[in-house]
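Colleague: Please take me closely through one helix of this model and its two residues for which you have computed values, and then set that part beside the interior spaces and the buried positions elsewhere in the chain. I would rather have one connected account than a list.

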Amino acid sequence: MTSIIASLSVSQIKALSTAAITALTTSDVAALTTTQIKVLSSAQIAALQTEDIATLTTEQVSAVSASAIKGLSLDQLAMLATSTVGSLGTAQVAALYSAQIAGLTSDQVEALTSSQVGALSSSAVAALTTEDIATFSTAEIAAISAKALPGLSTDSIAALTTDQAVALTTSQVAALKASQVTALTSAQIASLTTSQIGALGSTQLAALTTDNVAALTTDQIAALNAKVISALTSAQISAFTSAQVEALTSAQIGALDSADIAALSTDDIATFSTAEIAAISAKAISGLSTDNVAALTTDQA
């Protein structure tokens, strides 16, 4: 028998009780127009049976309002085809709460577009597993908003491929929490571009492990922001190789404090040009050890 559901007005659809919604047949649900679906409430959406959800077309699901999509249960979400998940509007994706995001399968997460990923909140990103993040393309990694990036777990950060790590924008790098920076592997650090390294702030620099500091290339060392380089601890400075110290610019050397200078070895100081020796601040010069002073060349002195 032909369903009469399509003939119901918007007002009549809105007036249907949850019991009436549950009683709809799959044929009735399939007959719902996008205009009718737009007025369904979250409670009405929640009342649909899982097999009803499976019958909905991508156009019908896309018509569910952002406020109503919160009504989808985890069982209902599981019925959505990957093509349907990929067709969700950014407002719909942004409206999903963390438990719904966590309920998505890795296949469904992989179906998300860059625009959809960009709509995820920090709590939504936090609900994604390491396996979920592994499905993200470099474009999708770059699409995570700077506000949402702190939601990535340290496990997910550590599991990023070098291609994914390089895909992070400078805004994203600047938004990394200290714990996330600490979680980065030496391979990930070594893969970062000089622009990404230059985006690291003082809190982030201080969070680098000594192994990560040792992994920095000479080009990356030279790219460190001189305004925040003083945040490096003496232990981190001590982890520098002489080649890394030699890569420091005069501006960076001028920003080092006495504790940083004290952490430099005689071999390190030997790499300093006369301009770099002159760049050591009056406050920091006291950090030079007597051995370092005695080892200065006549040009350096």
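**A close look at helix H11**

Modeller: Ala102 lies in helix H11, which covers residues 98-103, and everything I say about this helix and the rest of the chain refers to a predicted model. Gly103 has its place in helix H11 as well. Ala102 is classed as partly exposed because its relative accessible area of 43% is neither under the 20% that marks a buried residue nor over the 50% that marks an exposed one. Gly103, with a relative accessible area of 28%, is likewise partly exposed.

The distances from these two residues reach to other parts of the chain. Between Gly103 and Leu128, which are 25 residues apart in sequence, the C-alpha to C-alpha distance is 9.1 Å. For Ala102 the computed partner is Gly287, 185 residues away in sequence, and here the C-alpha atoms are 52 Å apart in space.

From the helix we can turn to the interior spaces, where the structure holds 2 cavities of 30 Å³ or more. The second largest cavity encloses about 40 Å³ of space, and its lining is made up of Leu77, Leu80, Val85, Leu88, Val93, Leu96, Leu104 and Leu112. By class, that lining has 8 nonpolar residues, with no polar and no charged ones. The largest cavity holds about 50 Å³, and Ile45, Ile53, Leu56, Val61, Val64, Leu72 and Leu80 line it. Its lining divides into 7 nonpolar residues, again with no polar and no charged residue. Leu80 therefore has an atom within 4 Å of a point of the largest cavity, and Leu80 also belongs to the lining of the second largest.

Further along the chain, several residues are buried, beginning with Leu152, which sits in the loop between helix H16 (138-143) and helix H17 (154-159). Leu152 counts as buried because its relative accessible area of 4% falls under 20%. In space, its C-alpha atom is 8.4 Å from that of Ala127, although the two residues are 25 apart in sequence. Ala165, in helix H18 (residues 162-167), is buried too, at 1% relative accessibility. The C-alpha atoms of Ala165 and Gln196 are separated by 9.7 Å, with their positions 31 residues apart along the chain.

Two buried residues with polar or charged side chains deserve the same attention. Gln220 belongs to helix H25, residues 218-223, and is buried, with a relative accessible area of 1%. A polar atom of the Gln220 side chain lies 2.8 Å from the backbone oxygen of Leu192. Asp268 is found in helix H30, residues 266-270. Asp268 is buried and yet has no salt bridge, and the nearest side chain of opposite charge, that of Lys283, is 24 Å away. Since a salt bridge requires the nitrogen and the carboxyl oxygen to be within 4 Å, Lys283 at 24 Å does not supply one for Asp268. What the Asp268 side chain does have is a polar atom 2.9 Å from the backbone nitrogen of Ser265.

To return to the helix you asked about, Ala102 and Gly103 in helix H11 are partly exposed, at 43% and 28%, whereas Leu152, Ala165 and Gln220 are buried.

Notes. Residues are numbered from 1 along each chain as its sequence is written. This is a predicted model: local features need pLDDT of at least 70, side-chain atom pairs count only at pLDDT 80 or more; totals for chains, interfaces and linings use all residues. Side-chain values use heavy atoms; hydrogens and water are left out. On a 1 Å grid over the protein atoms alone, a cavity is a set of points where a 1.4 Å probe fits but cannot get out, and a pocket is an open set with protein on both sides within 12 Å along at least five of seven lines; lining residues have an atom within 4 Å of a point. Grid points are joined across faces, edges and corners, and a volume is the space filled by probe spheres set on the points. Ala, Val, Leu, Ile, Met, Phe, Trp, Tyr, Cys and Pro count as nonpolar, Asp, Glu, Lys and Arg as charged, and the others, Gly among them, as polar. Helices (H or I, at least four residues) and strands (E, at least two) are DSSP runs, numbered from the N terminus. Buried means under 20% relative accessible area, exposed over 50%, partly exposed in between (1.4 Å probe, protein chains only). Lys and Arg count as positive and Asp and Glu as negative; His and the chain ends are not counted. A polar contact is a pair of N or O atoms within 3.5 Å; within protein, one must be able to donate a hydrogen and the other to accept it, and residues adjacent in sequence count only if both atoms are side-chain atoms.
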